[in-house]
Amino acid sequence: MDLKQTIRNIPDFPKEGILFRDITTLLKDADAYEQLISELADSLKAYDVDIVIGPEARGFVIGSALAYAIHAGFVVARKPGKLPCKTMRFEYGLEYGSDTLEIHEDAIKPGQRVAIVDDLLATGGTALATIKLAEQAGATVVAARFAIELCDLNGRELLKGYDVDSVIKY
C-alpha cells in the first residue's frame, strides 16, 4: 500500500501558506496503521530498543503502538505541568519563541537504549529536545523514527549524528 495516499493534505492550515499533512486519515485505516507500525518496527529490529519515547501528542499514538510491536517500554514526553511526579525538562527554541518538554525523572534508567518516535519530522526541534531529555536521563539514543518527513525543512540536519529514518517523505 502507498501510505502517502492515506494522508490528507489541508492547505492553509494552521495558517495561510502551510500545507498540513494530516495523519489522522492514515491512523483510522487499520491496514495503513498496521503497515506504518510494521515498517517502523522493522527499521528498529537491529537496535535492541529498551524504551520508545513519543512526544506529545501524535507521538503517543505512534510511539506506544511501536513500543508494543517491538516489546519495549514506552515513555511520554509532555508539555510542562502535565506529568504528576518529579520531572526533568528541556527547553528548546522555535521559529518564534520557545517550548519545553518534560519526562518523569524515573522514566529512563541510565544505559537504556532509546528510540525517539513521532508522527512528523519538520524542522527537528521537538525531536532534538526529546533526544536531549533521553540523554539527560543517561540513555543511549539509538534511533529517531518518523511517520512523515518534510524534507525541504531540513530537520534531519539538526539531528546529525543520530540514526534518522522516516516512512513517508515529502
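**A tour of the rings and the largest pocket**

Begin by selecting K4 and Y170 in this predicted model: K4 lies over the face of the Y170 ring, at 4.8 Å from the ring centre. Keep Y170 on screen and add R21, which also lies over the face of Y170, here at 3.6 Å from the ring centre.

Next, select F13 and F20, which make up the one aromatic pair that a search of the whole structure finds. Their arrangement is edge-to-face, with the ring centres 5.2 Å apart and 80 degrees between the planes. If you then colour by accessibility, F13 counts as partly exposed because its relative accessibility is 42%, and F20 likewise counts as partly exposed, at 23% relative accessibility, since buried would require a value under 20%.

Now turn to the largest pocket, which holds about 1200 Å³ of space. To find its centre, select L120, A122, T123, L150 and L153, which lie nearest to that point among the 35 residues of the lining. From there, show the elements that each give two or more residues to this lining, namely strand 2 (19–22), strand 5 (87–94), strand 6 (97–104), strand 7 (113–121) and helix 4 (125–136). Which of these elements gives the largest share of the lining? Strand 7 does, with four residues.

Finally, colour the lining of the largest pocket by residue class, and you should find 19 nonpolar residues, together with six polar and 10 charged ones.

Methods. Residues are numbered from 1 along each chain as its sequence is written. This is a predicted model: local features need pLDDT of at least 70, side-chain atom pairs count only at pLDDT 80 or more; totals for chains, interfaces and linings use all residues. Side-chain values use heavy atoms; hydrogens and water are left out. On a 1 Å grid over the protein atoms alone, a cavity is a set of points where a 1.4 Å probe fits but cannot get out, and a pocket is an open set with protein on both sides within 12 Å along at least five of seven lines; lining residues have an atom within 4 Å of a point. Grid points are joined across faces, edges and corners, and a volume is the space filled by probe spheres set on the points. Ala, Val, Leu, Ile, Met, Phe, Trp, Tyr, Cys and Pro count as nonpolar, Asp, Glu, Lys and Arg as charged, and the others, Gly among them, as polar. Rings of Phe, Tyr and Trp (its six-membered ring) pair if their centres lie within 6.5 Å; planes under 30 degrees apart count as stacked, over 60 as edge-to-face and the rest as tilted. Buried means under 20% relative accessible area, exposed over 50%, partly exposed in between (1.4 Å probe, protein chains only). A charge sits over a ring if NZ of Lys or CZ of Arg is within 6 Å of the ring centre and within 35 degrees of the ring normal.
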